[in-house]
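Subject: Structure handover

Hello,

Here is the structure I promised to pass on. Please open it alongside this email and follow along.

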Amino acid sequence: MGVQENLAEVKSKIDSISKKCGREGQVQLVAVSKFHPASSVLEATAAGQILFGENRVQEASEKFCEVLEKFPAARLHIIGHLQRNKVKEAVRIASCIQSVDRIELLDEIEKRCAEIGKDIEILFEYHTGEESKSGFESEDGIRAALKNFSLGKYPHIIPCGFMTMAPFTEDESAIRASFKKLRELRASLQGGFPQFNLRELSMGMSGDFEIAIEEGSTMVRIGTAIFGARSER
Ligand SMILES: *Cc1c(COP(=O)(O)O)cnc(C)c1O
C-alpha cells in the first residue's frame, strides 16, 4: 500500500478509537518521516497531512527545505535527542521541539530563538519506560525547568506539555503504565503551574497508539504505519 492509503487507514483508526473514548477530534497526528525521502512527505501533504516529525536535525533540514518549497504550510516537530550544537538549526526549521530532556537545552533554545526573533513551542520529554534512554528522569527536573519559565527566563519558548516513549515490549500493561505515568505527571505539574497551558501529551507510535489514545494522548507520532519500514533502528 502507498503512503496515502496508509495515512487514510491510520487516520480512520485514530478517529474510531478517539470516538470510542469520547475524545473525538482531540488527537493530532504527527507523521514521522525520518529515513524517508521528501517525495514520501509530499505524498502525505497531497493527502492533507501538514504536521511531520523528524529525529535528526541535519536530515530534517535538507528534506524540509525541499518540502517547504512545494508545500509551505508543512510544519515540523523535532522528536529526537537534540545536541546543543544542533539547536540553532532546529529552531530555524521547527515549530516545536518535543524532545527537551534537560534544562541546559532550554537555555540554548532561548538564545537561538532570541537571535532570530522567533517563538517556539516545546514539550518536556519524560522517561517513563525502562528501555528509552532519553528524557527527564524525575518530575523535579521538569519542575525546576517550569520554575525558570515562571521567572521569565525563556520569553521565546512556550511550554505546551509532555512527550514520552513507552518501552518496546509486548507487555501491554507495561506500555499502558508508561502512558499513565505521563498523564499523571501532567496533572501534577499543571496543578503546580496553572499559568501555563500544559495540554499536550505526545505519546503513541505505530505499535501502541491505540493504547496511548485510550490513556489520554493528544498527539500520536506515527512513522512505520504511514511510510513503511525503515532500514535502521
Ligand atoms: C521513530 C519515532 C517514532 C515513530 O515510530 P514508528 O514506530 O515508526 O511509528 C515516534 N517517536 C519517536 C521519538 C521516534 O523516534
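Below is what was found, taken element by element. One caution before the details: this is a predicted model.

**Helix α1**

Start with helix α1, residues 3–20. It has 18 residues. From its first C-alpha to its last it reaches 26 Å, close to the 26 Å expected at 1.5 Å a residue.

Which residues of α1 are buried? They are Val3, Asn6, Leu7, Val10, Ile14, Ile17 and Ser18. Seen down the axis of α1, these buried residues fall within an arc of 105°, so they line one face of the helix. The general background is simple: an α-helix has 3.6 residues a turn, so residues three or four places apart point the same way. On the other side of α1, Lys19 and Lys20 are exposed.

The buried residues of α1 have several packing partners. Two are strands: β1 (28–32) and β8 (219–222). Three are helices: α2 (38–46), α8 (209–214) and α9 (224–227).

Ser18 deserves its own look. This residue of α1 counts as buried, at 1% relative accessibility. Leaving out residues up to four places away in sequence, Ser18 touches Arg23, Glu24, Gly25, Val27 and Ile213. Lys118 is 100 residues from Ser18 in sequence. In space, the two are 33 Å apart, C-alpha to C-alpha.

Just after α1 comes Gly22, with a positive phi of about 70°.

**Strands β1 to β4**

Next, the strands. Is β1 enclosed or open? Four of its five residues are buried, so β1 is largely enclosed by the rest of the structure.

β1 pairs with β8 in the parallel sense, over four bridges. Here Ala31 stands opposite Ile222 in β8. β1 also pairs with β2 in the parallel sense, over two bridges. In that pairing, Val32 stands opposite Gly53 in β2. The chain crosses from β1 through α2 to β2, and this β-α-β crossover is right-handed.

Look also at the loop between β1 and α2, where Phe35 is found. Phe35 has a positive phi of about 70°, although it is not a glycine. Phe35 is partly exposed, with a relative accessible area of 34%.

Move on to β2. With β3 it pairs in the parallel sense over four bridges. Glu54 has Ile78 in β3 as its bridge partner. From β2 the chain crosses through α3 to β3, and this β-α-β crossover is right-handed.

β3 pairs with strand β4 (residues 96–100), in the parallel sense and over two bridges. Ile78 appears again here, standing opposite Ile97 in β4. The chain crosses from β3 through α4 to β4, and this β-α-β crossover is right-handed.

**Helix α3**

Now the helix between β2 and β3. Helix α3 covers residues 57–70 and has 14 residues. Its first and last C-alpha atoms are 20 Å apart, close to the 20 Å expected at 1.5 Å a residue. Where is the kink in α3 centred? The answer is Phe64, and the kink is about 30°.

Phe64 is also one of the buried residues of α3. The others are Val57, Glu59, Ala60, Ser61, Lys63 and Val67. The buried residues of α3 pack against two helices, α2 and α4 (87–93). They also pack against the strands β2 (51–54) and β3 (75–78).

**Helix α7**

Last, two residues of α7. Ser178 is found in this helix, which spans residues 172–192. Ser178 is buried, with a relative accessible area of 1%. Leaving aside neighbours within four places in sequence, Ser178 is in contact with Thr128, Gly129, Thr164, Met165, Ala166 and Pro167.

Arg176 is found in α7 too. Is Arg176 buried or partly exposed? Arg176 is partly exposed, with a relative accessible area of 24%. The cut-off matters here, because buried means under 20%. With neighbours within four places in sequence left aside, Arg176 is in contact with Ile211, Glu214 and Glu215. Arg176 and Ala38 are 138 residues apart in sequence. Their C-alpha atoms are 34 Å apart in space.

Best wishes

Definitions and conventions: Residues are numbered from 1 along each chain as its sequence is written. This is a predicted model: local features need pLDDT of at least 70, side-chain atom pairs count only at pLDDT 80 or more; totals for chains, interfaces and linings use all residues. Side-chain values use heavy atoms; hydrogens and water are left out. The expected span of a helix is 1.5 Å times one less than its number of residues. Buried means under 20% relative accessible area, exposed over 50%, partly exposed in between (1.4 Å probe, protein chains only). The arc is that of the directions from the helix axis to the C-beta atoms. Contact means heavy atoms within 4.5 Å. The bend at a residue is the angle between axes fitted to the seven residues ending there and the seven starting there. Two strands pair if DSSP finds at least two bridges between them. A crossover is right-handed if, with the strands pointing away from the viewer, the path from the first strand over the helix to the second runs clockwise.
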